[in-house]
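Visitor: I'd like to learn how to read a model like this one. Could you walk me through it?

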Amino acid sequence: MSEALLETRDLVKHFGGIKAIDGVSIKVMEGEILGLIGPNGAGKTTLFNCITGTYKPDGGKIFFRQKEITGLPSHEIIKLGIGRTWQIVRPFKKMSVVDAIATGSLLRYSDVEKAKEKAKEIASFLGLPKDILEKRGEEITLMQHKLVDLARALATEPKLLLVDEVGAGLRPSELSAMIDTLQKINSERKVTLVVVEHIMRLVMSISKKVIVMHEGRVIAQGKPEEVSNDPQVIQAYLGIKPI
Amino acid sequence: MVAFGTGSKKIALELLVIAILLVVIPLVLMGNAYYELLAATVVLFSSMVVAWNIIGGYAGQLDLGAFAYVGVGGIITSELWIKAGIPPLLGIFAGGAASLLIAVIIGIPTFRFGIKEVWYALLTAALVVIFNNLSRVLMGPTDYYLPPKTGILYLKFNSYEIMYAIASVILILTVLANLAIERSKIGYYLKSIREDELAAEMIGIDTRRYKLYALMIYSFFLGVMGYIYIVLAASFSYRMFDSNSSLSIAIMGIIGGLGSIEGGIVSAMVLRSLGEYFRSSFGSTVPGLDLLLYGVVLVIVGIFQPEGIAGIINRINKAMKKKR
Amino acid sequence: MISPELLLQNSVDGIFLGLFYSLVAMGLALIFGVMDIINFAHGDLLMIAAYFVWLTSVDLSVDPTVTALLLIPLFFIIGIGIFFGMIQPVLGKEPLIQIAVTVGLGLILQNIALAMFKAQPKAVPYSIFNFSYSLGPLTIYASKLFIAVISIVTMYALNVFLNKTYIGLAMRSTTDNREVAQLMGINTRMLYAVTFGLGVALIALSSSLWMTFGQVQPYLGTSFSLISWVIVAMGGLGGITGVVYSGLIVGVAESLGSLFLTPSARMAVVYIIFFLVLWFRPRGLFGRR
C-alpha cells in the first residue's frame, strides 16, 4: 500500500461544548481528487482549518508526506506544500489581480519580477483573460474571483490543494468551466485535490473517491456511486437527492 | 498610491516633485530664520510621517507611539555625544538601534495571533506615556543642551538653512526606503497582510514576522530623526516623549492616505504648517487649536474619505482619464 | 516603616477606588464586547461630563449627585448621537480607521475643553459628602463610601439588565457571536446604538461621582482611559465579574502604590501592568476571549 499524501488520525476539535470534529481519520492519496461532502455543520471546513493550521486540533494527529504537521503555524504548513481556497472569496481588494497572484508566487520566488511572470503564467493556465490582470480585486466578477483565489493558491506550488465550496454562486456554464479547470489542475499540474462541495454535480463528476461527514464524523467513504446509494448518507442529508 | 502612474516613471516623477519642492521652499524663505527653522521642522515631520507609512500604511497597524521612538533615539544619540564623546554622525545609528530594540520588545507580544489590532494602538500610546514618566524620574524636569560644537560630524549647524538641507536629505532617504519596500517582496507581503491577514497566512506569509520587519524599519528611521529633532529644538527633556505629537504623526499619515508617500508628505506639510500658524497666532488665547484642527480633519476624513488625500488625487486622476 | 493601620487604610481606600474604576471601565467593556470597538475617547467623554457637573455646581449651585440625574439621560442621548454621527459610518471600514475616528473625537474633546476652560483644574466648591467616620483605626470617607455603594448598586442593576431583559440578552448574545445573533433577528444597528448610549451614560454617572471629591482638567481623560483599558485587558470579556475583579486589583494596587511611589511613577506602573497583561495573557486574566 502506497503511503498517503495527507493523513489524519483521530482528529478532534471542539468549540466550547460542541465537538466540531470527533475522531476523523482520513487518507488522501497522491494524485487523486477526493470529494468531501456532508450536510452543513458536518465539520468539513473545520477539518480544512485544522489541516492548514488555522485551528489547533484538540486531539489526534495530521501527517503530510509522512511528516507530522499537527500544531504547526499556518505559514509553515503552506510552505510544506498545502494550499487552500475559500468558501467566501477573500480577494485582495485594492491590489491588482496580477499582484495578488504574484504575492502567492513570492513564497517560492523571492524576486518580484519573476513572481509576476509566474503569476501571469498561472493566470493564463486557468483561463483568466489578460485584460483583468491589472484590474483591482474590487473590480472583478465572482467567477473571476474564484479563479484568482485558485491562482493565488496555485502560485504557492502546493502538492495538495484544499478547495472549499468553489461552486457556490456559479451559473451552470461557469460550473462546467470550473469542473474542467479543477480537472486540469489535477492532471496537468499534478496537484492532489480535496474538494468540499454541496453541489453534487461538481463533486460527484470529478472525484475518484468521496468521503461523507456528518456531525463531526466520517460516515461513509468510497466511489461516488457507492456513497450516493448509502442509506446512512441519504438519511444524513434528508432531502437532497443522490444522482 | 497610484497618483502618478506606475513603475520607474512614477519614481522619477515623484523624486522630481520632491526635489523641486525642497529647492523652491528655501528660495522663498531665504533670510528669515524663523521660517527656515519652521521649514526644517516641517520637512522633518514629513519624514516621520513617511516613515510612519511603513507601519501604518503598508502593515496597517495604528502606531500611536512615534515619539517614544523619536525620543529614545534622540536622547541616546545625544547622551552618547555628551557623555562618551561619540559624534552624532555615528551615534545616530546607535540611537536608531535603541529605538528598534524598544519597538521589537513591543512588537513581539502584540503581533501574536489573536491579539486584536486595537491593542497595538493602545500599547504604543501607553509606551509614550511610560517613557515620559520614566524619563521624568530618571532625568528630572530639567532641559538638557547639546555641546556647542557644529559641523557635519555632529550633524549640527547654527544655520537653519543647512539643517533644512539635512532634513531634506532625510526625507528623500525615507521616501527611497518606502519606494524600495513597495516594490519588493516585503512590500507585497505587508500589503496583503493589511488587505486580509488570514488569506495572507494561507499563501505562506509569516504575518507576525513581516509586521515586525515593518516596525523595525519604521522605528529605526524615527530613532535617527530623533537627534535632528533635538538639534532643531535646541534642547531635550522628558517632555520629548509627547503623546500629542505622536498622535499627530499618525493622524497626518491617515489623512494623507494609508500607503501613500506623496499623500503623507502633502498632509504633513499642510497640517503642520497650519498647526504652527494656529499655535503662534492663537496659542495664548485658544490653546490647542492645532490639535483641534487635526482631530476634526481626522474625523471628517475617516467618515467621508478614508483613503485620504491620496484618495482625492486618485479620483481626480480617474476623472481626468475619462475626459481624454 | 509603614504601619499596619496605614496599610489597612490604603487597602480599604483601594477597594473603594477599585469599585469606582470598575464602574468607569464598565462602559468601555460593554461597548467593546458588543461592538468590538475600543472607544479611545472614553476618558475624554468622562472629562466633558465632569465639566458639565462643575458648571452646574458653580453656576447653579447644584450638588453633583443631583446633576447626575440629569446628566445620565442626557449623555445617553449624546452617546446615541455620537454613535449615529461618527461610529456607524465607519463600522464597515478597516479597524484602523474605526479606531482613528475615536482618537480624533478624543482630541477634539480635549482641545475644546482646553480652549474653553484652560488648563487649571476645577473642583466642585461644596459637596454634601464632605464628612467621614472613624471605624477603629480606619477613617471611612463618606464620599468614597458613597461612590463605592453607587458603583456596586449600578453594576448589580447592570447585571440584572444583562441577564433578565431582552435588550440585555441581545447584548450578551451579540458579544458571544455576532453572526448568530443577527440570524436570530436581533437588529444589530439599533442594539449598537443603545449599547453605545448606555456606555456613555455610565461614563456620565462616573463623572458625577468623581466630581464629589475630584477635580477636572482637560487631560483628565488620559488617566481614566488608561485605567479602563487595563481593566478591560485584564477582565477580558469575563462579564461584569471580570471587570469588577480587575478594577479591584487596579484600585488596590494604585492605592498601595501611593505609599511608595510618586504619581508619575504610579502611572508608569499601571502602564507596565498593562504591558505585562498583554504579553502574558492576551485573553485577559478573567476573560473568555
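Guide: We'll take chain C first, then turn to how the chains touch. Keep in mind that this is a predicted model.

Visitor: Okay, how many helices and strands are there in chain C?

Guide: Chain C has eleven helices and four strands.

Visitor: Which residues of chain C does the UniProt annotation "transmembrane region" cover?

Guide: The annotation comes from an unreviewed entry, and annotations may be inferred rather than shown by experiment. In chain C it covers residues 15-38, 45-62, 68-87, 99-119, 139-162, 191-214, 226-252 and 259-280. You can then hold a stretch up against the model. Residues 45-62 of chain C are 83% helix and 0% strand, with the end C-alpha atoms 21 Å apart. Residues 139-162 of chain C come out at 88% helix and 12% strand, and there the end C-alpha atoms are 35 Å apart.

Visitor: How do I check a helix such as α8 of chain C?

Guide: Multiply it out at 1.5 Å a residue, then look at the ends. Helix α8 of chain C runs over residues 188-211, so its 24 residues should span 34 Å, and the end C-alpha atoms are indeed 34 Å apart.

Visitor: And is α8(C) enclosed or out in the open?

Guide: Count its buried residues; a residue is buried if 20 or more other C-beta atoms lie within 10 Å of its own. For α8(C) that gives 19 of 24, so the helix is largely enclosed by the rest of the structure. Across chain C, buried residues make up 49% of the 289.

Visitor: What radius of gyration would a compact globule of 289 residues have?

Guide: It would be near 19 Å, and chain C agrees because its own value is 19 Å. The C-alpha trace of chain C spans about 60 × 45 × 35 Å along its principal axes. Contacts add to the picture: of those in chain C with a separation of 6 or more, 80% join residues 24 or more positions apart.

Visitor: Now the chains together. Which pair has the most contacts?

Guide: Two pairs of chains touch, and chains B and C have the most contacts. Chains A and C do not touch, their nearest C-alpha atoms being 10 Å apart.

Visitor: How many residues of chain B are in contact with chain A?

Guide: On chain B, 16 residues are in contact with 22 residues of chain A. Helices α7 (185-195) and α8 (197-201) of chain B each supply at least two residues to that side, and α7(B) has the largest share, six residues. By type, this side of chain B divides into six nonpolar, three polar and seven charged residues.

Note on methods. Residues are numbered from 1 along each chain as its sequence is written. Chains are lettered from A and ligands numbered from 1 in the order in which they are written. This is a predicted model: local features need pLDDT of at least 70, side-chain atom pairs count only at pLDDT 80 or more; totals for chains, interfaces and linings use all residues. The radius of gyration is taken over C-alpha atoms; the globule rule is 2.2 Å times the number of residues to the power 0.38. A residue is buried if 20 or more other C-beta atoms lie within 10 Å of its own, exposed if 12 or fewer, and partly exposed in between; C-beta atoms are placed from the backbone. Two residues are in contact if their C-beta atoms, placed from the backbone, lie within 7 Å. Ala, Val, Leu, Ile, Met, Phe, Trp, Tyr, Cys and Pro count as nonpolar, Asp, Glu, Lys and Arg as charged, and the others, Gly among them, as polar. The expected span of a helix is 1.5 Å times one less than its number of residues.
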